[in-house]
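Trainee: I have a new model open and I'm not sure where to begin. Could you walk me through how to read it?

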Amino acid sequence: MKLRKQVTVCGGAIFCVAVFSLYLMLDRVQHDPARRQSGGNFPRSQISVLQNRIEQLEQLLEENHQIISHIKDSVMELTDTGAVSPSGHLPFRSANGSWVLPFDGRPTFLAIKPQDCQFAGARRDHTDVQMLDVYSLLKFDNPDGGVWKQGFDITYEPDEWDNEPLQVFVIPHSHNDPGWIKTFDKYFADQTQHILNNMVVKLAEDSRRKFIWSEISFFSKWWESADAQKQEATRKLILGGQLEIVTGGWVMTDEANVHYFAMIDQLIEGHQWLERNIGITPRSGWAVDPFGHSATMPYLLKKANLTSMLIQRVHYTIKKHFASTRSLEFMWRQAWDTGANTDMFCHMMPFYSYDVPHTCGPDPKICCQFDFKRLPGGRINCPWKVPPKSIVEANVAERAQLLLDQYRKKSKLYRSKVLLVPLGDDFRYDKALEWDQQYNNYQKLFDYMNSHPEMHVQAQFGTLSDYFSAVYKASAVPEGARPTDFPVLSGDFFAYADREDHYWTGYFTSRPFYKSLDRVLESHLRGAEILYSLAVSNARHSGMEGRYPVSDYALLVDARRSVGLFQHHDAITGTAKENVVIDYGTKLLRALIGLKRVIINAAHFLVMKNKEFYRFYQTEFSLVIRYVVLFNPVEQERLCAVTVLVNTVRVRVLTEDGQTVPVQLSAQWSSASQMSAEATFMARLPPLGLAVFHLYDSADSPMTLRSDTLLRLPGHGVTARAEDPLPVRSLQADGQTFYISSQAVTLGFSGTTGLLEVCVLSKVKVQVQFMIYGTRPSKDKSGAYLFLPDGKAKPYSQKESPVVRVVEGPLFSEVVAHYHTVFSLSSLVLCLGVDGLSMEITTTVDIRDQTNKELAMRLDTDIQSGDIFYTDLNGFQIQPRRRHPKLPLQANFYPMPSQAYIQDSLYRLTLHTAQSLGVTSLENGQLEVILDRRLMQDDNRGLGQGLKDNKKTVNRFRLLLEHRGLGNKMMDTGVTSFPSILSHMTNSILNHEVLVLPVLPKRRGVPSLQTFAPFKSSLPCDMHLVNLRSIQNQTPSQHTAFIIHRLGLDCELEAQNMAFNCTTTQGQLNISGLFKNLDIHLLQPMSLTLMHSGTPLANDSSISLEPMEISAFKLKLR
């Protein structure tokens, strides 16, 4: 108390001296003629003298402000010696040498209602087709099927259609990749704009002509350059049913590597554009080119109110099996659905490709003769050496009969007498001539067929929805309902093979640098959307709407579209040409810079204590950082370790209310043995909130502790260079296992390799190894799409042993093993909470000196997982997998967008990932992930390049070992599985890192800042806020899309202290009681993409979600 009085008096005295000095200086300015002249040669008028004095006064005030800042820091130095963390304890070492961290003492609890745990074990009706069973059933032997190489001979009786004629819908389409061989803009300039310009003219020539279009990224670009007359003509074609927009997403998204956040976002962007510009709602999904199909897609389309969908790229053996059982049309149900609520009508195309030779029927030699772009004299021809013939009166009967035979054979594979026949290919119809060739010749064939009743066929051009409507009508069921006797299917369609053993499993990893960048963008986009919506709503609430920079909305739109574009099935997949990849990367980087601006501006507004002082300005850069603002993008409170770079080891960190927090000083290593400084401190952050921390240069504090760094060197010749403030010890490595520990986990590492060997407390072996795959020596080789290895992986080895660095401290410990092409960082946060219950593994991979090699990380454990392992689909749901010895090694790889796990009756080991990669389990107890691929040749799928543009790539993982309860043993044979609540949270913190926003002081200093916590309380911990997305026009409206996902939980895993209050509410959420300082003026249920609205609810209503359900609501926040 006495010290505090002294400090107060001392500070006050210094302040008085400073103020008096300022007075004297002002007085001197007023009376010193020399000083007055030094400002420049102004006219000697009263105004000039006044202006001069004001400028000098500003300069003096600035100098005085700096003096006051130094005083403030000095006062803080004096007053802070006794104020430590809220617990009142310093970090200390226990008897066994491990650090014990002072916890902030706040009690936390886990309160998951038993009813919220019943979903995982609920009984589900058996579906007619379960894809796990299909894989077990089939031989995958690939016999020659005749003209339909991968199928069988199809026969029919001529009188089969006498009572019910065959209805044929020929669907002209043009598949436009928004980037592949050319960039998005080059494709548009060279081809796409001509396709759409011709479409407007050629469809108008004959009302019987139809066309479908999918990619809104291209369509919107064309629309913006079209004149009003062309726009109106297009609207007329759409409303008249001649042109249909199918799916209506920004792109035709990949389905393997994409996260469901981005799948939804690109669908919203496309649908919102359509609603705003044309006023239409898509009804049918069209996905002819993604390389395998995910069960997440039908769920999202169903939630967007689409009624039917079409898929194409499915393993040829699966297609053959489905064709033989007439199961190519089915109701696709989510495996976790306890009823039939998620059923989506799906049509699977039966043959090899979506081009014309493989769509009219089973014989490509005949079908090619009906692709009239290949007429003699054109640039492309038929590989089967029989060209098409123009249809004239002399040949129309023979040509119509030949084509009808193919139609009838194809229709035998389906249950209805309605047939879908696509007519198109990549970038077709870019010339007016092709429109005439296709439409005129086909119309002659249709006219002939339709005028001959003995042929029992009704053929016409149609849209995709024309076809589906006819199927429903023929079956006498409403749109989207299950026709009688059509099968119900659950599961997915990975991995895809198009011929022989050519499995498209390489693209699960190809170009991992960009897959990683994509996820960083998605996290920033979600964070920017949420903060922007909150900032605009709070500005509206404060009556400051006009002063908030709504110009940031344009940056949000640009980022949405750049991220949306990258979800295209040749972008995130890593299967585009090198210059196209650079173009995607440039767009993503521009979007990331824009998003950082949105986040900074929103955070700036939200943390200001007195918003009257808010002025929008572009941030100025400075070397002095006094404050950092931390943004927690997760909807739960978060206790975590935050690391910032510092230029001094004399650093102290204070909370907003002046409490000193523990800091661990450690080295930032620029190489295996060179370093500079970084500071790590513990922060408790509000859900989706912003917290303010003060950093300042300070003499040593008992709360600032230095890391203990040990270099384990392979030989006598290696030495370490380090600055004195952060000393480094070194020793010659031996083969003995060494350990790092936290309060929750003890890990053992190999003294030789520096890689993880064992989780000590649970006595589970978890051995990390790096492996190398080669590619086949002859014929077909691995490329961007295909994985064709030369046999089993071989251990990665190098001549010299690695340098291993061991860092230990009160907040985190880490082990880093430096190899030639990869270095592995295994990090353990020592605090309580989600961060401290798993181990972070970071691999930095550089294989640019390798040739035809793929680097894998293998986890070898003693978990008795057998042949079952689990991977996620799009970060949305878990899909059980079975390893099949009858399939080649590459067929057992699957996409891993967010996690994979193995388990036995005692343990579950989950590998969480921050980027999508290919994963497998090739032996009992193993998990293996491909980290990067460098391939020198094309794999003959049209790209014309290998993968030679590798970059140094950081892959981030978290390894979570959980103890299982007894109730789980019976469930391992099921078709569903769910993560624990801890596993969900672990994935969330990995994919949504805390954003550190340094506050750079202005000339007049930093205004008063305070923590911003948007919620009155946390969301139930089984609910994830997918997005809080401002709804358009060119400027934001007052409406916000609130998109929420209720997670499916496995409660049979041992609960851990996650350091936040975790409760569930049986799916109930009171939105009106959620937001602090904001009122809800509208609460309206919407379809997922906001195109269909429900009846508005009372503003104080609770909403209710079933487990796994994603729902969207339109909110008006004020």
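Mentor: Sure. Let's start with what gets a label: helices are DSSP runs of at least four residues, strands are runs of at least two, and both are numbered from the N terminus. Keep in mind that this is a predicted model.

Trainee: How many helices and strands are there in the protein?

Mentor: The protein has 18 helices and 49 strands. Of its 1118 residues, 61% are buried. If you take the contacts with a separation of 6 or more, 75% are between residues 24 or more positions apart.

Trainee: How do I read two helices that pass each other? Take H8 and H9: at roughly what angle do their axes cross?

Mentor: Helix H8 covers residues 260–277 and helix H9 covers residues 296–303; their axes come within 11 Å and cross at roughly 40°. H8 and H9 are therefore oblique to each other, and their crossing is right-handed.

Trainee: Which residues of H8 and H9 meet there?

Mentor: A general idea helps first. An α-helix has 3.6 residues a turn, so residues three or four places apart point the same way. Now the case here: from H8 you get Tyr260, Met263, Ile264 and Leu267, and they meet Thr296, Met297, Leu300 and Leu301 of H9. In this contact of H8 with H9, 7 residues are nonpolar, 1 is polar and none is charged.

Trainee: And what about H8 with H15?

Mentor: The axes of H8 and H15 come within 10 Å and cross at roughly 60°, which makes H8 oblique to H15. That crossing is left-handed. Phe261, Ala262 and Asp265 of H8 make the contact with Glu522, Leu525 and Arg526 of H15. The residues here divide into 3 nonpolar, no polar and 3 charged.

Trainee: Next, is helix H10 mostly covered or mostly open?

Mentor: For this you need a cut-off: a residue is buried when its relative accessible area is under 20%. H10, residues 316–324, is mostly covered, with 7 of its 9 residues buried. Those are Tyr316, Thr317, Ile318, Lys319, His321, Phe322 and Ala323. The elements covering them include strand S4 (129–130), helix H4 (131–137), S10, S11 and strand S14 (488–490).

Trainee: What about aromatic rings? How do I tell what kind of pair I have?

Mentor: Look at the distance between ring centres and the angle between planes: centres within 6.5 Å make a pair, and planes over 60 degrees apart make it edge-to-face. By this rule there are 57 aromatic pairs. In one of them, Tyr299 and Trp336 have ring centres 5.5 Å apart and planes at 70°, so the pair is edge-to-face. Tyr299 sits in helix H9 and Trp336 in the loop between strand S10 (329–332) and strand S11 (344–348), 37 residues apart. Tyr299 is buried at 3% relative accessibility, and Trp336 is buried at 7%.

Trainee: Can you give me a second pair?

Mentor: Try Tyr548 and Phe605: ring centres 5.4 Å apart, planes at 75°, so this pair is edge-to-face. Here Tyr548 lies in the loop between helix H15 (512–541) and helix H16 (552–566), while Phe605 is in helix H17 (residues 578–607), 57 residues apart. Tyr548 is buried at 4%, and Phe605 is buried at 1%.

Trainee: I keep hearing about unusual backbone angles. What should I look for?

Mentor: Most residues other than glycine have a negative phi, and most peptide bonds are trans. In this model, Tyr429 has a positive phi of about 65°, in the loop between strand S12 (418–426) and helix H13 (432–450). Tyr429 is buried at 0% relative accessibility and belongs to an aromatic cluster whose members include Phe211, Trp435 and Phe461. Asp485 also has a positive phi, about 70°, but Asp485 is exposed at 60%.

Trainee: Which two residues does the cis peptide bond join?

Mentor: Phe494 and Ala495, with omega about 0°. You'll find Ala495 in the loop between S14 and H15.

Trainee: One last thing: how far apart in space are Phe1012 and Gly689?

Mentor: Their C-alpha atoms are 5.5 Å apart, although 323 residues separate Phe1012 from Gly689 in sequence. Phe1012 also touches other residues, among them Leu534, Leu606 and Pro686.

Notes
Residues are numbered from 1 along each chain as its sequence is written. This is a predicted model: local features need pLDDT of at least 70, side-chain atom pairs count only at pLDDT 80 or more; totals for chains, interfaces and linings use all residues. Side-chain values use heavy atoms; hydrogens and water are left out. Axes are lines fitted to C-alpha atoms, for helices over the stretch in contact, and angles run from 0 to 180 degrees between N-to-C directions. Angles under 35 degrees count as roughly parallel, over 145 as roughly antiparallel, 65 to 115 as roughly perpendicular and the rest as oblique. A crossing is left-handed if the near helix is turned anticlockwise from the far one by less than a right angle, and right-handed if clockwise. Contact means heavy atoms within 4.5 Å. Ala, Val, Leu, Ile, Met, Phe, Trp, Tyr, Cys and Pro count as nonpolar, Asp, Glu, Lys and Arg as charged, and the others, Gly among them, as polar. Rings of Phe, Tyr and Trp (its six-membered ring) pair if their centres lie within 6.5 Å; planes under 30 degrees apart count as stacked, over 60 as edge-to-face and the rest as tilted. Buried means under 20% relative accessible area, exposed over 50%, partly exposed in between (1.4 Å probe, protein chains only).
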